[in-house]
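Reader: I am new to this structure and would like to look closely at a single part of it. Could you take me through one helix, slowly, and then show me what lies around it?

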Amino acid sequence: MWFNFNLDFCSELELLILLLLFEFVMEKDLKNIDSIYNYTESHVKSLEESITRIDNRFNTFIGFSAVLIRLCLDLPRESFFLQIVLCLLCISAIIVGAIGLQAKEVGNVLHPSALMEDKYFEEDEVFRQCLIINDKIELINEYEKVIQKKGKRLNLIISLFSIAVILYGIGIIGLGYFSY
């Protein structure tokens, strides 16, 4: 310990130094907590944006798969087996995309109204910010799990759709080549 004061016998100068030291430490803690809070908040927003981008990609591949199903139906009757395979691949991509778009309940986060309760409201700012930071850290862990699952599903959709497009291309080229 830096100082060994007995507050009953502190001189005014010693008490002033002690108060200034305490204020300096608290101010430094507040700055640290503020920077951690701001970083955590920006990280949560970044993860939310990542989830939104993945969901937009799901929507895109669902739409393209539906269009490809329509195009498959225009293939000549000789390619009936190819039509079935292409439609099954596209339907699989649509199903995986729909599953990936389903809402998922994420974590158990402290509701803002809880901070207004006496047990939290009467605490100092550092304590409340630390409480919020801890909740956001749990939220970040949940978001990262969601992103990982959605990423795997998105990769599966991309694979299914790519195979379907390649087969469709082969069907057009192959059928066009043999029809002459």
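Author: What follows is a close look at helix α2, and after that at the salt bridges of the structure. The model is a predicted one, and the helix in question, α2, covers residues 80–101. At 1.5 Å a residue, its 22 residues should span 32 Å, and since the C-alpha atoms at its ends are 31 Å apart, the expected and the computed spans agree.

One part of α2 is covered by the rest of the protein: L82, Q83, L86, C87, L89, C90, A93, V96, G97 and G100 are buried. An α-helix has 3.6 residues a turn, so residues three or four places apart point the same way. Q83, which has its place in α2, counts as buried because its relative accessible area is 7%, under the 20% that sets the limit. Leaving aside neighbours within four places in sequence, Q83 is in contact with C72, L73, L75 and P76, and a polar atom of the Q83 side chain lies 3.0 Å from the backbone oxygen of C72.

L88, also in α2, offers a contrast, for this residue is exposed, with a relative accessible area of 51%. Together with F80 and I84, L88 forms a nonpolar patch on the surface, and the three have about 290 Å² of accessible area together.

A further pair of residues joins the view of α2 to that of helix α1, which covers residues 12–73 and includes A66. A66 and A93 are 27 residues apart in sequence, while their C-alpha atoms are 9.4 Å apart in space; A66 counts as partly exposed, at 39% relative accessibility, whereas A93 is among the buried residues of α2.

Turning to the charged side chains, the structure holds three salt bridges. In one of them K136 pairs with E41, with 2.7 Å between the closest N and O atoms, and this pair links distant parts of the chain, K136 being in helix α4 (residues 125–179) and E41 in helix α1, 95 residues apart. K136 is buried, at 18%, while E41 is partly exposed, at 22% relative accessibility.

Another salt bridge joins D55 to K150, with the closest N and O atoms 2.6 Å apart; here too distant parts of the chain are linked, D55 in α1 and K150 in α4. D55 is buried, with a relative accessible area of 19%, and K150 counts as buried at 8%. In the salt bridge between R70 and D74, the N to O distance is 3.0 Å, with R70 partly exposed at 48% and D74 exposed at 53%.

Terms used
Residues numbered from 1 in each chain as written. Predicted model: local features only at pLDDT ≥ 70, side-chain atom pairs only at ≥ 80, totals over all residues. Heavy atoms only, no water. Patch = residues over 30% accessible without salt bridge, like charges linked within 9 Å, V, L, I, M, F, W, Y side chains within 5 Å. Areas by Shrake-Rupley, 256 points an atom, 1.4 Å probe, with all protein chains shown as cover. Salt bridge = Lys/Arg side-chain N within 4 Å of Asp/Glu carboxyl O. Helix = DSSP H or I, 4+ residues; strand = E, 2+ residues; numbered from the N terminus. Buried < 20%, exposed > 50% of the residue type's maximum accessible area, 1.4 Å probe, protein only. Polar contact = N/O pair within 3.5 Å; in protein donor to acceptor, adjacent residues only side chain to side chain. Contact = heavy atoms within 4.5 Å. Expected span 1.5 Å × (residues − 1).
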